[in-house]
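The following exercises are to be worked with the sequence and the coordinates at hand. Each task is followed by its solution in steps.

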Amino acid sequence: MNTEKLISTIQKIGAKIEEEKAFLTELDNVIGDGDHGINLARGFGEVEKKLGTLADKEPGDVLKTVGMTLVSTVGGASGPLYGTGFMKMGAALKGKADITVPDFLAGLQSAIEGIMQRGRSTKGEKTMLDAMIPAKEAIEAKWAETQDAKAAFAAGVAAAWEGVEFTKTIAATKGRASYLGERSIGHQDPGATSFTMVLEIAAGEV
Amino acid sequence: MVGLVIVSHSSKLAEGVVDLARMMAKTAPMAAAGGLEDGSFGTSFEKISNAIDAVYSDDGVILLMDMGSAVMTAEMVIESMEGRKLAMADCPVAEGAVTAAVGSEAGASLEEILADLEQVGTLKKL
C-alpha cells in the first residue's frame, strides 16, 4: 500500500467512524462515559482536513500525522490510545514507500506495544487490545500459510470480531468500564468494536 | 515556586480544585486544564500544554489528573515537552492539590512536593 492508497483508506475509515458514531457512542453509554463515537468522529474529521497536505509524504509520516492529530483533537481516552497506535505504526514504517503485509504486521505489533504501555493494559481487560492482539496473530498465521494478503486480512477481521464477542464475557479492569466491575459483563467493549471497524475498512482496501 | 496544573474531564472540577487549593495558598502558581475547548467533557492536549506554559518556571510543574484520558493526555503532553521539569502525581486530586499548593507556597522543591503527594493517597479520613 502506497501513500495515495493509504490516504484514501484513512478517508474511508473516517467516513465509517462518522457513520457508526451513534452506535459506538451508544455502546459507550452503557459501560463508559458515552463519548467514544463522538470523540473519534471529531478526531477523524480533523484528520480529514490534514490528509490533503500529505500526498508527497511517505506512508509512515502520514500515519504519524494521523496519530498526532487524534491526540490533539479527540478529547477522550481513544485520543492518546489510537494516537499512540498510529504514531508507533508510523515510526515502525519509516523509510518504506510501499507497505507490505510483513511491514504492516511489524507496524501493528508496534502499535499494540505502544497502546499497552500508554494504557498500562494487557489482553483480557476488556479493551481494544482484545481485538487487536488476536487480529494481529490471525493475520500473521494466515499470511505465513498462504502468502495471500486478502485471505490474511479476512482472517484478521474475523479474529477481531471474535475478540469483540469475547469482551462481552469478561469484566473490565481498565478504562471507565472498570468502575462498573462485574456489571460490565454482557456488554461489548466500544474500543474493541471501533478497532475492528477500522481493520475491516483497511482489509477491504488490501 | 513549583507550578501546579489540575487536569480533569470537567472544567468546573478543575477550576473548583484550583479555587479550593487557593484558599490555603494565595500565591502558588496554579492553572486549571479541564474539559475541551468548547466547554464539553474531555481532556484537551492544547489546554494542558497552555496551562503548563502559564505556570512554568525552572522550579518545574506538577500535574494532578483525575482519570483515564486525563492521565494519558497529560503523559503525552509531558513527552512533547522534552527537557522541561514536569511530573505527574499519583494521588487524589482535591487533597493532593491542597497539599501541593501549600508546599509550593512554602518554597518546597518539586521532588519534596512529590514525596508529600505520595502520602496523600494513604491518609485516612475516618
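The exercises concern a predicted model and proceed from the chains to single elements and residues.

**Exercise 1. Describe the secondary structure and overall dimensions of chain A.**

Step 1. Count the elements: chain A has nine helices and zero strands.

Step 2. Determine the extent. Along the principal axes, the C-alpha trace of chain A spans about 45 × 40 × 30 Å.

Step 3. Compare the radius of gyration with the expectation for a compact globule. For 206 residues that expectation is near 17 Å, and the 16 Å of chain A agrees with it.

Step 4. Consider burial and contacts. In chain A, 53% of the 206 residues count as buried. Of the contacts in chain A with a separation of 6 or more, 64% are between residues 24 or more positions apart.

**Exercise 2. Carry out the corresponding analysis for chain B and establish the strand order of its sheet.**

Step 1. Chain B contains five helices and four strands, which follow the pattern β-α-β-α-β-α-β-α-α along the sequence.

Step 2. The radius of gyration of chain B is 13 Å, close to the 14 Å that the globule rule gives for 126 residues, so chain B is as compact as a globular protein of that length. Its C-alpha atoms fill a box of roughly 35 × 35 × 25 Å along the principal axes.

Step 3. Buried residues amount to 48% of the 126 residues in chain B. Residues 24 or more positions apart provide 72% of the contacts in chain B with a separation of 6 or more.

Step 4. Arrange the strands. They form an open sheet in the order β2-β1-β3-β4 (chain B), with parallel pairing. The edge strands of chain B are β2 (30–34) and β4, each of which pairs on one side only. On average, neighbouring strands of the sheet are turned by 20° against each other, direction ignored.

Step 5. Examine one pairing within the sheet. Strand β1 (residues 3–8) of chain B is joined to β3(B) by five bridges, and the two run parallel. B:Ile6, for example, has B:Leu64 in β3(B) as its bridge partner.

Step 6. Place a helix on the sheet. Helix α2 (residues 45–55) of chain B lies across β1, β2, β3 and β4 of chain B, running at about 175° to β2(B).

**Exercise 3. Identify the buried and exposed faces of helix α5 in chain B and explain the distribution.**

Step 1. List the buried residues. In helix α5 (residues 110–120) of chain B these are B:Ile113, B:Leu114, B:Leu117 and B:Val120.

Step 2. Explain their arrangement. Because these residues cover an arc of only 100° around the axis, they lie on the same side of α5(B). The spacing follows a general rule: an α-helix has 3.6 residues a turn, so residues three or four places apart point the same way.

Step 3. Inspect the face turned away from the buried side. That face of α5(B) carries the exposed residues B:Glu111, B:Ala115, B:Glu118 and B:Gln119.

Step 4. Find the packing partners. The buried residues of α5(B) pack against β3 (61–65), β4 (86–89) and α4 (93–105) of chain B.

**Exercise 4. Characterise the packing of α7 and α9 in chain A.**

Step 1. State the geometry. Helix α7 (residues 129–146) and helix α9 (residues 190–204) of chain A pack at an angle of about 35°, with their axes 7 Å apart.

Step 2. Assign the contact residues. From α7(A) they are A:Asp130, A:Ala131, A:Met132 and A:Ala135, and from α9(A) they are A:Ala192, A:Phe195, A:Thr196 and A:Leu199.

Step 3. Classify them: the contact has six nonpolar, one polar and one charged residues.

**Exercise 5. Describe the side of chain A that touches chain B.**

Step 1. Count the residues: 13 of chain A are in contact with 12 of chain B.

Step 2. Locate them. In chain A, α4 (59–73), α5 (78–92) and α6 (101–119) each supply at least two residues of this side.

Step 3. Divide the residues of this side of chain A by class, which gives three nonpolar, seven polar and three charged.

**Exercise 6. Which environments do A:Lys126 and A:Gln147, two residues with positive phi, occupy?**

Step 1. A:Lys126, with phi near 65°, is found in the loop between α6 and α7 of chain A. A:Lys126 counts as buried because it has 28 C-beta neighbours inside 10 Å.

Step 2. A:Gln147, with phi of about 55°, is found in the loop between α7 and α8 (149–169) of chain A. A:Gln147 has 10 other C-beta atoms within 10 Å and is therefore exposed.

Terms used: Residues are numbered from 1 along each chain as its sequence is written. Chains are lettered from A and ligands numbered from 1 in the order in which they are written. This is a predicted model: local features need pLDDT of at least 70, side-chain atom pairs count only at pLDDT 80 or more; totals for chains, interfaces and linings use all residues. A residue is buried if 20 or more other C-beta atoms lie within 10 Å of its own, exposed if 12 or fewer, and partly exposed in between; C-beta atoms are placed from the backbone. The arc is that of the directions from the helix axis to the C-beta atoms. Two residues are in contact if their C-beta atoms, placed from the backbone, lie within 7 Å. Axes are lines fitted to C-alpha atoms, for helices over the stretch in contact, and angles run from 0 to 180 degrees between N-to-C directions. Ala, Val, Leu, Ile, Met, Phe, Trp, Tyr, Cys and Pro count as nonpolar, Asp, Glu, Lys and Arg as charged, and the others, Gly among them, as polar. The radius of gyration is taken over C-alpha atoms; the globule rule is 2.2 Å times the number of residues to the power 0.38. Two strands pair if DSSP finds at least two bridges between them.
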